[in-house]
There are 2 protein chains.
Amino acid sequence: MQVIKYPLKSEWQKLTERPIIDNSNLEEKVQYVLDEVKSNGDAAIKRFTLEFDRVELENFMVSEQEFSDAEIQIEPDLKEAIDTAYANIKKFHIAQKETTRKIETMPGVECWRTSVPIEKVGLYIPGGTAPLFSTLLMLGIPAVIAGCKEISICTPADKQGKINPAILYVAKLLRITTVYKIGGAQAIAAFAYGTETVSKVYKIFGPGNQYVTCAKQLVAKKDMAIDIPAGPSELLVLADGSCVPAFVAADLLSQAEHGIDSQVILVSDSEKIISEVVKELNQQVSVLPRTEIALKALENSKAILFNTLQDGITFANQYAPEHLIIACEKDEELAEQVINAGSVFLGNYTPESAGDYASGTNHTLPTNGYAKAYSGVSLDSFVKKITFQKISKEGIHNIGKTVELMADKEGLRAHKNAVSIRLKNTTK
Amino acid sequence: MQVIKYPLKSEWQKLTERPIIDNSNLEEKVQYVLDEVKSNGDAAIKRFTLEFDRVELENFMVSEQEFSDAEIQIEPDLKEAIDTAYANIKKFHIAQKETTRKIETMPGVECWRTSVPIEKVGLYIPGGTAPLFSTLLMLGIPAVIAGCKEISICTPADKQGKINPAILYVAKLLRITTVYKIGGAQAIAAFAYGTETVSKVYKIFGPGNQYVTCAKQLVAKKDMAIDIPAGPSELLVLADGSCVPAFVAADLLSQAEHGIDSQVILVSDSEKIISEVVKELNQQVSVLPRTEIALKALENSKAILFNTLQDGITFANQYAPEHLIIACEKDEELAEQVINAGSVFLGNYTPESAGDYASGTNHTLPTNGYAKAYSGVSLDSFVKKITFQKISKEGIHNIGKTVELMADKEGLRAHKNAVSIRLKNTTK
């Protein structure tokens with residue numbers, strides 16, 4: 001971990017920069033997969049699944065039998081953990097429901113806005129070595145609360161053609177019965193264009209490897225809505241003298257183990273804290289199963305010493321981290337100054353991993369500085385907010401002149417006429 | 001207007017298709033403009049403004065003097081109309097504010113979500129022959145309510161280097177003082193990359209011609225958030241025997257005058273209504289100043305007769321119109337069945353143009369079938385919803401085992417450790 005002391009303001013921008021990820025060399029390859037699936041449907045899916053995942057599948061659909069088997073296979077304590085996470089995530093996301101409220105903007109002019117679920121959504125859940133059943137909780141729960149009619153899942157099978165039982169258990173908990181054993185760019189293509197087996201969806205959610213990410217970017221250019229642009233996961237910890245260095249080190253490592261491109265930043269106003277955290281990091285990293293990945297990620301990571309916590313939070317806002325831990329005495333005061341972040345964790349007992357799995361907040365969050373303009377996934381991501389208006393005879397007389405004048409000044413006479421003809425043919 | 005009677009369900013999909021707009025021949029041209037502005041800043045802006053808009057500008061910034069002049073130039077009745085629209089739009093958008101509510105998902109685990117304004121937003125307002133001051137109301141009002149710190153406007157100057165006084169009047173009303181006289185793709189480039197004069201923004205809003213639209217698409221691929229993907233404006237009217245054919249015709253024309261690529265669809269369960277509306281259309285179109293545009297748009301437009309209104313609303317949902325007028329006796333019942341639409345207008349006295357200007361709803365809406373997955377612009381478009389969580393000592397003991405188990409099963413040991421180390425070092 002590189003330690004930087006009291007950087008000049010002019011150097012801050014440089015310190016917020018992420019490594020540039022160039023997908024352009026992938027684009028051609030991924031575009032080929034998309035085009036093939038668009039043209040040849042299931043046949044192309046089968047071919048790519050054999051070629052990339054080395055599984056030959058007769059049928060992509062997970063059967064009822066497989067769902068039942070999964071429920072038997074899954075350990076009771078994991079089941080219980082999933083049930084707890086499910087309850088917390090549901091509680092937090094249900095609270096995001098909006099009620100429709102009619103607003104009379106002027107007498108006789110009523111406007112309102114209603115949240116209507118997106119009819120068809122596709123959830124991509126990475127499988128293979130790390131089957132992310134937690135991601136299915138994070139995407140499936142708000143989709144179900146929103147009331148999306150068709151929720152389908154694509155997730156790659158293992159070499160035996162099986163899906164991880166925890167993923168199927170979560171799907172069953174959510175009553176999502178449409179699970180396709182498809183991974184990679186071909187899964188995104190299936191969602192975007194549909195095949196004989198897979199129904200086309202209106203919006204695609206979920207993380208994935210570079211091929212999946214690139215495929216989502218490409219279909220988003222034209223045909224499809226996607227959740228948020230993706231990038232490597234990130235954590236910034238703002239810590240002062242009140243933090244517990246061993247906890248901070250553990251949090252930094254939980255981010256570092258994600259991948260060698262993970263971004264980990266420690267910001268503090270205390271030199272002592274920084275050196276203690278670094279010491280802890282060195283001790284803790286050695287006992288991890290993913291030591292090498294974490295070490296590599298730490299190489300690209302920085303500990304930055306600032307004169308004040310105020311500078312620290314200002315820098316954090318400029319960096320716009322996906323995850324922000326504020327391990328400071330005045331955590332809640334500092335939280336009020338957060339402008340750019342995906343999700344924020346306060347105090348000494350709120351590890352990022354609690355939010356990754358079970359606190360209730362969503363873990364699909366904006367990376368790569370996107371937190372400056374994007375929110376994480378929430379109930380909002382699964383609905384459209386449609387506006388309605390109803391104007392009475394009285395109302396059109398109240399608002400009529402305003403619309404006529406404005407339309408006229410914009411040179412749109414037929415817009416004006418649509419009002420004038422109503423004014424002429426009614427009385428207030 | 002093409003009249004189609006009782007189409008088979010298998011033909012519906014074809015009837016919902018929009019003309020394909022191929023921007024790919026523009027991309028190279030527009031990319032060049034983007035690259036030049038990125039490299040050469042103000043100098044490139046000046047060059048393109050001279051080349052494309054035929055204005056030579058020393059200074060892009062609108063001066064205080066120009067703001068004051070605008071307020072004198074603008075007619076008092078237009079001022080009053082703008083003030084009325086402003087009040088209505090403000091009322092409707094203020095009601096979209098969310099209050100922060102803390103949710104205790106389990107004892108000692110508190111989660112909440114706060115709307116935080118996007119710091120820097122850029123609003124593009126078309127100028128020239130149709131200076132869209134109404135669009136500035138629609139984008140500027142929610143930006144101000146959201147609390148965006150830096151709101152800047154790009155809008156092209158006329159041949160005399162002046163901005164339409166109505167646009168400047170609205171800017172002043174909104175207390176937006178940063179107005180740049182820049183139009184076209186070069187304006188989008190300035191917002192996306194910044195120049196010596198123009199500050200880079202985090203999200204770009206606003207409609208525009210094909211160059212602007214293409215530039216927004218290109219910057220959205222990598223660097224920038226944008227409001228919604230753009231396409232030609234659309235209206236679908238669902239009308240039954242209770243409608244007033246002359247009103248419906250006027251509404252269809254208000255859409256048709258936008259451009260030759262505007263989409264206008266009439267759906268009814270009454271053959272009589274369709275023929276009366278078509279008759280009215282022919283009479284009304286001839287007296288419009290933009291007759292030719294409207295006639296051309298009507299050529300591509302359709303009147304579709306269905307057996308029932310139920311079929312009509314089902315078709316409307318499949319079409320997913322930007323604007324939907326329901327001129328039916330049971331308008332409110334039908335409104336409850338709307339799944340895909342941008343904004344909906346109910347009854348005989350609610351012309352689309354009321355919503356375009358002054359009813360209170362936003363007029364920046366999803367076109368081209370995007371209403372299946374996207375909402376129109378609202379207060380949400382100008383904020384990020386950041387999640388927060390704070391776990392107490394008691395809380396980490398309550399949630400700890402759940403997180404440990406799930407992290408372990410996903411093979412993420414450091415995620416688990418971040419919890420374990422806290423459990424080991426505290427008591428409940």
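Q: Which residue in β13(B) is the bridge partner of Lys390(A)?
A: In this predicted model, the residue of β13(B) that Lys390(A) has as its bridge partner is Leu346(B).

Q: What makes strand β14 of chain A and strand β13 of chain B count as paired?
A: Pairing requires at least two bridges between the strands, and β14 (residues 383-391) of chain A is joined to β13 (residues 343-346) of chain B by four bridges, in the parallel sense; the two strands therefore satisfy the definition.

Q: Why is the meeting of the side chains of Asp251(A) and Arg422(B) called a salt bridge?
A: The cut-off between a side-chain nitrogen of Arg and a carboxyl oxygen of Asp is 4 Å, and the N to O distance for Asp251(A) and Arg422(B) is 2.7 Å, so this pair qualifies as a salt bridge. The count between chain B and chain A is 14 salt bridges, and by class the side of chain B that touches chain A comprises 58 nonpolar, 30 polar and 28 charged residues.

Q: How much area do chain B and chain A bury between them?
A: The two chains bury about 10,400 Å², with 60% of this area on carbon and sulfur atoms, while 116 residues of chain B are in contact with 116 residues of chain A.

Q: Why is Thr364(B) described as buried or exposed?
A: Buried means under 20% relative accessible area, and Thr364(B) has 11%, so Thr364(B) is called buried. Thr364(B) lies in the loop between α15 (352-357) and β14 (383-391) of chain B, and the residues that Thr364(B) touches include Met138(B), Asp227(B) and Val377(B).

How values were computed:
Residues numbered from 1 in each chain as written. Chains lettered and ligands numbered in written order. Predicted model: local features only at pLDDT ≥ 70, side-chain atom pairs only at ≥ 80, totals over all residues. Heavy atoms only, no water. Contact = heavy atoms within 4.5 Å. Buried area = accessible area lost by both parts, 1.4 Å probe. Nonpolar A, V, L, I, M, F, W, Y, C, P; charged D, E, K, R; others polar. Buried < 20%, exposed > 50% of the residue type's maximum accessible area, 1.4 Å probe, protein only. Lists of a residue's contacts leave out its neighbours within four places in sequence.
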